[in-house]
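Visitor: I've never looked at this one before. Could you walk me through it and tell me how each label is earned?

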Amino acid sequence: MISLEIPDPFQTFVSKKYADAKGSVYDFFAKEWSWHCPCGEDIYAPSRKTLTNTRLFHTRNVCLGGY
Ligand SMILES: [Zn+2]
């Protein structure tokens, strides 16, 4: 179990690179992407691509109530 060690510089770089990518945040420890929706929900996904899809689904079907 060495997964809880301090993030290496490359991961930190990647995180900063994508820090402003529409508010997506990468959690080193959970190895997940997360995004906090203005409606108050937190969205989690194992990859950035999945997060984008999940986020679009959420905003269309949950935030907007399907309108
Ligand atoms: Zn929402």
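**Faces, pairs and a buried leucine**

Guide: Let's start in the sheet: strand β2, residues 32-36, has W33 and W35 on its covered face, while E32, S34 and H36 sit on the uncovered one. Keep in mind that this is a predicted model.

Visitor: What makes the residues of a strand switch faces like that?

Guide: In a regular strand, side chains alternate between the two faces of the sheet. You can see it in β2, with W33 and W35 on the covered face and S34 on the uncovered one.

Visitor: How do you know that β1 and β2 pair?

Guide: Two strands pair if there are at least two bridges between them. Strand β1 (residues 25-27) and β2 are joined by 3 bridges, so they pair, and they run antiparallel. One spot to look at is D27, which stands opposite E32 in β2.

Visitor: And what about β2 and β3?

Guide: With 4 bridges against a cut-off of two, β2 and strand β3 (residues 42-45) therefore pair as well, again in the antiparallel sense. Across that pairing, H36 faces D42 in β3, and S34 stands opposite Y44 in β3.

Visitor: Which residues take a positive phi in the two hairpins?

Guide: Between β1 and β2 there are 4 residues, and in that hairpin K31 has a positive phi near 55°. The hairpin of β2 and β3 has 5 residues between the strands, and there G40 takes a positive phi near 110°.

Visitor: Why are β1 and β3 called edge strands?

Guide: The 3 strands make an open sheet in the order β1-β2-β3, with antiparallel pairing. β1 and β3 each pair on one side only, so they are the edges. On average, neighbouring strands of this sheet are turned by 30° against each other, direction ignored.

Visitor: Where does helix α2 lie?

Guide: α2 lies across β2 and β3, and runs at about 145° to β3. L51 belongs to this helix, which spans residues 48-63.

Visitor: Why is L51 called buried?

Guide: Count C-beta neighbours inside 10 Å: L51 has 22, and buried needs 20 or more, so L51 qualifies. Across the protein chain, buried residues make up 6% of the 67 residues.

Visitor: What does L51 touch?

Guide: Leaving aside neighbours within four places in sequence, L51 is in contact with S24, W33, W35, I43 and A45. Take W33: it is 18 residues from L51 along the chain, yet their C-alpha atoms are separated by 6.6 Å.

Key:
Residues numbered from 1 in each chain as written. Predicted model: local features only at pLDDT ≥ 70, side-chain atom pairs only at ≥ 80, totals over all residues. Buried ≥ 20, exposed ≤ 12 C-beta atoms within 10 Å, placed from the backbone. Contact = placed C-beta atoms within 7 Å. Axes fitted to C-alpha atoms, helices over the stretch in contact; angles between N-to-C directions.
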